[in-house]
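Reader: Hello! Could you take me on a close look at one part of this protein, the surroundings of the ligand, and then go outward from there into the packing and the backbone?

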Amino acid sequence: MESEAINSLLIRKYNQPVPRYTSYPTVPYWKEGIDKEQWKDIFAAKFSEQNHVNGISLYIHLPFCESLCTYCGCNKKITTNHKVEEEYLLAIEKEWLLYRKLMKQTPIIRELHLGGGTPTFFSPVNLQRLLKIILKYSIIHPKHEFSIEGHPNNTTIGHLKMLYDAGFRRISYGVQDNDPEVQRIINRIQPFENVKQATENARAVGFTSVNFDLIYGLPLQTVESIERTINQVIQLKPDRIAFYSYAHVPWTSKAQRLFDESHLPAAEEKILLYLKGKELLMKNGYMDIGMDHFALPTDDLYKAREEGKLHRNFMGYTTQNTGLLLGLGVSSISDAGNAFAQNEKTLHDYYASVNAGNLPVTKGFILSEEDVAFRKYILNISCKGETEFEEKHLPLLEKYTFPKLNDLAKDKLVNWSKQGMMLTAQGHYFIRNICSAFDLFLLRAEPLKQVFSKAI
Ligand code: SF4
């Protein structure tokens, strides 16, 4: 591995807004007004193909939060009125039943993730009802993986015990930053004691993987504050850490307009925050999985990576690839491998659709053979760090991708030939940029001059 000094020069060069590639094509290229009948046919065919082989994956979006974290870019609804839980559960049940009609066999649930919003906004009793709705007439796969996003401030022992009994073994807590001043400015007051207690409670109940989300690039963060946060959280030995870059997009996230932009770390400082965080994690035994994810060598995510079984979808990295991910709830995304579909983004439209007996999908993309192939290249790079090329794609690769690989190879980020490519050790820092060399939508729309043309 080259020195950190060279590394930081490269990080400056490639510090560009590049997609996370939780999908390909990425969401901006999807089409509004998906053909619902076509989506139903695609879903039903993929279900029949995959269910008995691998089971299916489910993502359920639970959008309510009691208070607004001002950095947040998620689809959420802020309310302290817990009566909303009832209406939402009824809508999820209706949506699930609409999909059940398309399933010709009993669904085998291999992967289930409750995300948000704040899933632990729901009472344990209501979460249990939700799970009953989904699992009552389903088969739970013997190698299932059930997980939830928990808020350290409101995840109770009651939640944890109920979830454990239902088969959940992994919980992700949004930690973000421990510094009181940073917490104040992002409106997320969460004493470290709460994170510690929530972590200890999850382990005491039997959860085997406790994950933390951290963010760098938030207002008022400094290298010292990041160092303190990471040194504190690693005392709790989270099994996985997602160390995300804060995306400042005030034109789409209104609450971010509350930030005084002078409090945001400049681009150079943000890089230093990342490098300090990564250095501390690596020194403390965490392995770099790629795309801002770190895991202890004992965690399944690391093992899956070592065994070449890692997969990536809207939930980020996962150890399962069932071939069909069904997203339920407002704004959720489904992935059938050759098609994506996204649900209505407002509660009003979501409720209106399911109450009228219609699938609430509103936007999506049907992939061509070419899209499926280039999606595979991007998945291979982000999950395995290497990919082989198919001869039939050489004309496209030569036109769009190989010139980019040439530039990346000059910076010692990849080794490549016409047969395939492999990341170098340093290339792991830049997986997103390297994936973008296979993003034909991006490359056809606009050459990535800013990413690839600058000399170091
Ligand atoms: S960060 Fe999480 S808890 Fe905060 S507003 Fe967004 S979804 Fe809700």
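Author: Happily; what follows starts at the ligand and then moves outward.

Please keep in mind that this is a predicted model, where local features need pLDDT of at least 70, side-chain atom pairs count only at pLDDT 80 or more, and totals for chains, interfaces and linings use all residues. Residues are numbered from 1 along each chain as its sequence is written, and side-chain values use heavy atoms, with hydrogens and water left out.

Around the ligand you will find Cys 65, Ser 67, Cys 69, Tyr 71, Cys 72, Gly 117, Thr 118 and Arg 188, where near means that a heavy atom of the residue lies within 4 Å. Sorted by class, this shell has four nonpolar, three polar and one charged residues. In that scheme Ala, Val, Leu, Ile, Met, Phe, Trp, Tyr, Cys and Pro count as nonpolar, Asp, Glu, Lys and Arg as charged, and the others, Gly among them, as polar.

One member of the shell, Gly 117, also has a backbone feature: the peptide bond joining Gly 116 and Gly 117 is cis, with omega about 20°. Gly 117 sits in the loop between β5 (108-116) and α4 (124-135); helices (H or I, at least four residues) and strands (E, at least two) are DSSP runs, numbered from the N terminus. A cis bond also runs from Tyr 24 to Pro 25, with omega near -5°, and Pro 25 belongs to the loop between α1 (4-13) and β1 (31-32). In general, most peptide bonds are trans.

Two of the shell cysteines, Cys 69 and Cys 72, are among the eleven residues of a nonpolar core that also includes Ile 185 and Ile 186. Such a core is a set of buried Ala, Val, Leu, Ile, Met, Phe, Trp, Tyr and Cys residues joined through side-chain atoms within 4.5 Å. Buried here means under 20% relative accessible area, exposed over 50%, and partly exposed in between (1.4 Å probe, protein chains only).

That core lies apart from the largest one, which holds 129 residues, with Trp 39, Tyr 88, Tyr 99, Leu 114 and Phe 438 touching the most other members. Helix α3 (residues 84-100) gives this core its largest share, eight residues. Beyond its neighbours within four places in sequence, Tyr 88 is in contact (heavy atoms within 4.5 Å) with residues including His 61, Leu 62, Pro 63, Phe 64 and Phe 122.

With cysteines around the ligand, you may wonder how many disulfides there are. A search of the whole structure finds zero, a disulfide being a pair of cysteine sulfur atoms within 2.5 Å. Take Cys 383: its closest cysteine sulfur, in Cys 435, is 8.8 Å away, so the two are too far apart for a bond. Cys 383 is buried at 4% relative accessible area, and Cys 435 is buried at 0%.

Farther along the backbone, two residues other than glycine have a positive phi. Lys 237, with phi near 50°, is in the loop between α8 and β9 and is exposed at 53% relative accessible area. Met 291, with phi of about 45°, is in the loop between β10 (287-290) and β11 (293-295), and counts as buried at 7%.
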